[in-house]
Amino acid sequence: MRFFHRSKRGRQASEMERSGDIPLNDDLESNIKQLKKELGYSPDLVVRSFDLGKNSDFRVAVVYMEGIVDEKVLNQWVMKTLMIDSGEFDQKISKEEALELIKKSALSVGNVESHRSWNQMIDALLNGQAIVLGEGWSEAISGDTTGGETKPITEPQSQTVVRGPKDSFTETLQTNLGLIRRRLKTPNLWVENTNCGKISRTKVSMVYIKGLANEELLNTVRKRLEKIEIDGILESGYIEEFIQDKAWTPFPTVFSTERPDIVSGNLLEGRVAILVDNTPFALVVPTTFFQFFQSVEDYYQRFDIATFTRLIRYFSYLVSLVTPAIYIALTSFHPEMIPTPLLIKLIGQRKEIPFPALVEALAMEFSFEVIREAGVRAPRVLSGAVTIVGAIVLGETVVRAGLATPSMVIVVAITAIASFASASFPISISARLIRFLLMLLGAFFGLFGILLAMILLIAHMNTLYSFGTPYLAPFAPLIVNDQKDTLIRVPIWALYRRPKSIHPVQDTKVPEGKRHLTKRRKGRRPR
Amino acid sequence: MSKILHWLCIASILFLLTGCWNYRELDDWSVVTAMGVDKGEKGKRYRVSYQVVNSGSLAGGGGQSGRGTGTRGTPTVTYSSTGDNLYETIVNTNLKAPRKLFFAHQRLLLIGESVAREGIEHLLDRLERDEHGRLNIIVMVVRDGQAESLINFLSPLERISAYSLSETLKVAEQFTGMNWVTDLSEVINDLSSKGKEPLVSGVKLIGDQQMGDQQTNIQESRLSARTELNGVAMFKKGKLVRWLEGERARGVAFILNRLQGTLLTLGCDGSEKETVGIYLNRFTTKRSIRVRKNKPVIRIDVNSEGSIGEMDCPLNLEDPRQIERLQQKSNQKIKKDIREAIKTAQKSKSDIFGFGELLHQQDPQTWRSLKKDWPRHFAKARIEIKVHTFIRLTGMRINTYPNPR
């Protein structure tokens with residue numbers, strides 16, 4: 001921790017000094033020169049200067065950054081209007097009148113602003129706006145031409161569903177906000193923008209529904225976002241590490257997702273989403289441990305199926321956590337707990353293995369982790385080769401060579417499959433770390449060690465908070481109402497309250513009297 | 001940072017401190033499935049045989065394992081040792097066996113008849129004292145022979161003969177009612193109770209005794225040597241006094257309310273050859289005891305229920321009175337079984353039924369005065385038996401197919 005403070009101080013000293021906030025010059029030539037100098041004569045800065053109107057000597061310049069502007073909009077609605085449709089500008093018009101005219105009518109793009117300060121203008125320029133400078137003007141006009149090449153909306157890669165919308169966030173903040181707004185057509189969907197990162201000036205949006213999200217929560221999020229001081233934000237992971245409540249834990253305390261429907265659902269529950277430009281992953285706070293086990297599909301499938309699949313997810317998390325540890329503990333400390341025929345099989349298999357169970361298990365688990373990492377990191381073309389080598393080496397040859405027991409391969413395989421069956425990636429990777437700890441404890445202390453570790457783990461989880469919400473809510477503290485959507489999922493109409501653990505302002509979703517639409521009266525079919 | 005380092009250092013000491021106190025790899029254990037106690041030789045009290053699983057020969061299941069092992073050997077291996085007590089024999093066995101014996105999976109305890117006749121009162125202490133010991137071990141007495149011969153025995157269907165025996169006993173308990181499972185805890189309870197004596201099923205090796213431990217034995221469809229359940233051993237003061245056979249053993253089972261199923265074979269009217277077989281599968285027995293004029297009066301109420309399993313005489317079962325008659329006959333038969341069972345017990349003055357214990361519960365005052373001489377009092381007790389049998393079903397047909405002759 002001390003390390004952190006020291007480096008922070010160092011960073012503050014070497015902080016890059018931007019040019020002070022000075023007003024614009026009214027000389028066009030010197031403004032352009034200054035701008036070029038400021039941007040280091042960068043070749044993607046385009047300056048197009050021309051005379052306005054027929055026979056005029058009134059010079060204006062359109063300045064923009066190539067690549068982040070929408071060229072079509074720029075040419076059609078800025079350049080063309082200024083250069084060709086500007087016939088009505090004649091010599092009579094004064095420079096001040098021209099400024100007003102351009103501001104009011106000539107720039108036919110959405111967002112037109114004028115800037116008097118140098119910093120404001122550069123910010124606008126770097127955001128992809130076109131800047132119009134004029135001879136004798138001490139202000140600059142910016143027109144919103146933000147655009148450039150962006151990725152189209154694609155299917156989500158990390159959180160897939162069978163039934164449900166197939167769109168996911170992209171790298172463009174505007175698009176992402178649009179995806180949410182398309183789902184929640186309410187004026188109460190409020191967005192607060194801030195810029196984070198001294199150098200990157202990344203746009204970060206805090207999204208919430210006014211009147212649902214708790215004010216206190218909003219203040220906390222605002223405060224924590226303001227506190228971030230770093231040179232650049234490249235992914236929402238940066239923000240997550242800055243704003244999370246506790247760093248020293250394997251468990252994620254900020255929920256992240258690339259699905260707009262998940263974000264919308266969370267906003268409706270009174271949570272706050274944080275969208276960061278240039279990343280398809282949005283953050284949602286506050287979260288609880290159990291939220292990571294709720295797949296969005298739980299709400300799209302019928303409730304009984306949803307409950308079943310959800311329980312399977314919890315179970316598979318437990319399996320991926322403790323299976324190898326329990327296997328080691330049972331075989332090395334408690335053989336009396338293994339059913340006799342199974343024990344005989346295991347002994348027969350183990351007879352020719354040259355390593356103790358722990359070494360065998362660690363080696364197998366470790367090589368599985370390596371294969372998994374290789375599968376993720378390897379170039380797409382190679383990932384097939386990785387799986388083949390992994391499957392053959394781990395599954396077949398090791399057993400045939402008598403270096404590992406078939407049952408250990410089964411244990412590793414079950415663990416791996418179970419860890420893939422989680423609804424959220426961050427929670428399944430937390431299990432990866434803890435699993436190794438449990439394996440060691442199981443090998444040194446048997447089931448006793450595993451039990452102790454589980455107690456410690458739960459105690460640790462009890463100390464965690466996510467933006468004021470206890471991590472283990474609604475179990476610790478017990479909130480009866482929230483149980484309807486934690487381990488199980490009751491029908492949507494019965495979920496008429498928002499989760500109390502996040503203290504929404506309004507906690508009723510479905511009005512009284514409308515909660516049992518399908519309830520059948522005796523002798524009458526429901527209409 | 002340094003704080004974390006501190007804690008890591010302290011935590012790492014933990015690993016040095018504890019060590020792996022009972023850490024043992026699976027392949028360090030020899031799983032004992034059965035144990036046979038015989039009379040010792042050369043001045044030692046016992047000779048105990050341990051049936052140890054040869055896991056390499058069993059683990060196979062085809063495919064991977066068994067590779068490179070060459071000969072697979074027999075599914076079980078026997079180690080025998082002598083000693084003055086069981087523990088000594090266990091320790092002595094380690095002179096012969098390459099691995100530590102592991103008793104948590106023991107299924108069977110076989111006691112040779114000669115040991116049983118000398119008394120098993122304190123034989124079982126070791127089994128109860130061992131931390132790996134299990135109290136649900138099935139106990140059997142080997143009739144007319146050495147327990148070792150059954151420990152050596154190789155069985156064809158269940159590859160481990162201890163399982164073969166225990167499964168046979170379980171099936172017999174369900175269908176014949178003439179043998180039943182007695183586990184270690186039950187035997188110990190009965191031995192330590194004043195008003196009760198243990199009953200232990202007997203087993204016998206029949207056929208060619210020399211072939212039992214040969215692999216060739218299980219390669220024949222008709223085994224030269226085979227096992228058979230045979231009688232129930234009746235104990236008195238921890239010593240085997242006599243064997244209860246067949247229907248007499250069933251009578252005991254009726255009284256003890258231990259019956260799970262049994263077949264009654266009744267003769268048909270006027271014909272010796274033709275029979276009706278009634279399979280009984282539901283039983284409740286209520287017992288009570290009181291003392292009248294210094295003489296115990298035992299009352300036994302049996303309710304049983306069953307169905308007709310076979311009938312090779314032309315009874316007209318559509319007539320309810322015929323069913324009634326069959327029920328009456330069954331009652332008589334059961335009554336006879338029970339009476340004979342009690343008489344046998346009375347003759348040898350051994351309260352195998354626990355009537356003494358029952359009296360202790362129902363009338364502690366009287367029990368105190370009779371306790372001292374209970375076997376004698378039991379021997380002259382009066383017995384009242386009431387049986388009620390109900391035939392619920394006649395099977396898949398009512399009357400037997402007609403015989404035109």
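This report walks through a predicted model, looking at the contact between chains A and B and then at features within each chain.

## Where the chains meet

Let us start at the interface. Chain A brings 30 residues to the contact and chain B brings 34 residues. Together they bury about 2900 Å², with carbon and sulfur atoms giving 63% of that area. Three residues are worth finding on screen: A:Glu336, A:Ile344 and A:Ile347 supply 20% of what chain A buries against chain B, more than any other three residues.

Two salt bridges are counted between chain A and chain B. In one salt bridge, A:Arg350 pairs with B:Glu25, and the closest N and O atoms are 3.5 Å apart. Five residue pairs are in polar contact across the interface, with both residues at pLDDT 80 or more. On the chain A side, helices H10 (303-332), H11 (340-350), H12 (357-377), H13 (380-400) and H15 (425-462) each supply at least two of the touching residues. H11(A) gives the most, with nine residues. Sorted by class, this side of chain A has 18 nonpolar, six polar and six charged residues.

## Inside chain A

A good place to look next is A:Leu438, which sits in helix H15 of chain A. A:Leu438 is buried, with a relative accessible area of 1%. Beyond its neighbours within four places in sequence, A:Leu438 is in contact with A:Leu321, A:Val322, A:Ala325, A:Ile450, A:Ala453 and A:Met454.

Chain A also holds a cluster joined by ring pairs, made up of A:Phe251, A:Phe289, A:Phe290, A:Phe293, A:Tyr314, A:Tyr317, A:Tyr471 and A:Phe475. Elsewhere, A:Lys198 and A:Glu229 form a salt bridge, with 3.9 Å between the closest N and O atoms. This pair links distant parts of the chain, 31 residues apart: A:Lys198 is in the loop between strands S6 (189-196) and S7 (202-209), and A:Glu229 is in the loop between helices H7 (215-227) and H8 (236-243). A:Lys198 is partly exposed at 41% relative accessible area, and A:Glu229 is partly exposed at 38%.

## Chain B as a whole

Chain B has 13 helices and 13 strands, and its C-alpha trace spans about 90 × 65 × 60 Å along the principal axes. Of the 405 residues in chain B, 49% are buried. Among contacts in chain B with a separation of 6 or more, 72% come from residues 24 or more positions apart.

## Links within chain B

Over all chains the structure holds 23 aromatic pairs. One of them is B:Phe353 with B:Phe378, a tilted pair with 6.4 Å from centre to centre and 50° between the planes. B:Phe353 lies in the loop between helices H10 (320-347) and H11 (355-362) of chain B, while B:Phe378 belongs to helix H13 (residues 374-379), so the pair ties together parts 25 residues apart in sequence. Both B:Phe353 and B:Phe378 are buried.

Salt bridges number 48 over all chains. In chain B, B:Glu118 meets B:Lys39 with the closest N and O atoms 2.6 Å apart. Because B:Glu118 lies in helix H4 (residues 113-118) and B:Lys39 in strand S1 (residues 29-39), this pair ties together parts that are 79 residues apart in sequence. Another salt bridge joins B:Glu340 and B:Arg248 (3.7 Å, N to O). Here helix H10 of chain B holds B:Glu340 and helix H9 (residues 246-256) holds B:Arg248, so parts 92 residues apart in sequence are tied together. Finally, B:Arg290, B:Arg299, B:Asp301, B:Arg382 and B:Glu384 are linked in a network of salt bridges.

Technical notes
Residues numbered from 1 in each chain as written. Chains lettered and ligands numbered in written order. Predicted model: local features only at pLDDT ≥ 70, side-chain atom pairs only at ≥ 80, totals over all residues. Heavy atoms only, no water. Contact = heavy atoms within 4.5 Å. Buried area = accessible area lost by both parts, 1.4 Å probe. Salt bridge = Lys/Arg side-chain N within 4 Å of Asp/Glu carboxyl O. Polar contact = N/O pair within 3.5 Å; in protein donor to acceptor, adjacent residues only side chain to side chain. Helix = DSSP H or I, 4+ residues; strand = E, 2+ residues; numbered from the N terminus. Nonpolar A, V, L, I, M, F, W, Y, C, P; charged D, E, K, R; others polar. Phe/Tyr/Trp six-rings, centres within 6.5 Å; stacked < 30°, edge-to-face > 60°. Buried < 20%, exposed > 50% of the residue type's maximum accessible area, 1.4 Å probe, protein only.
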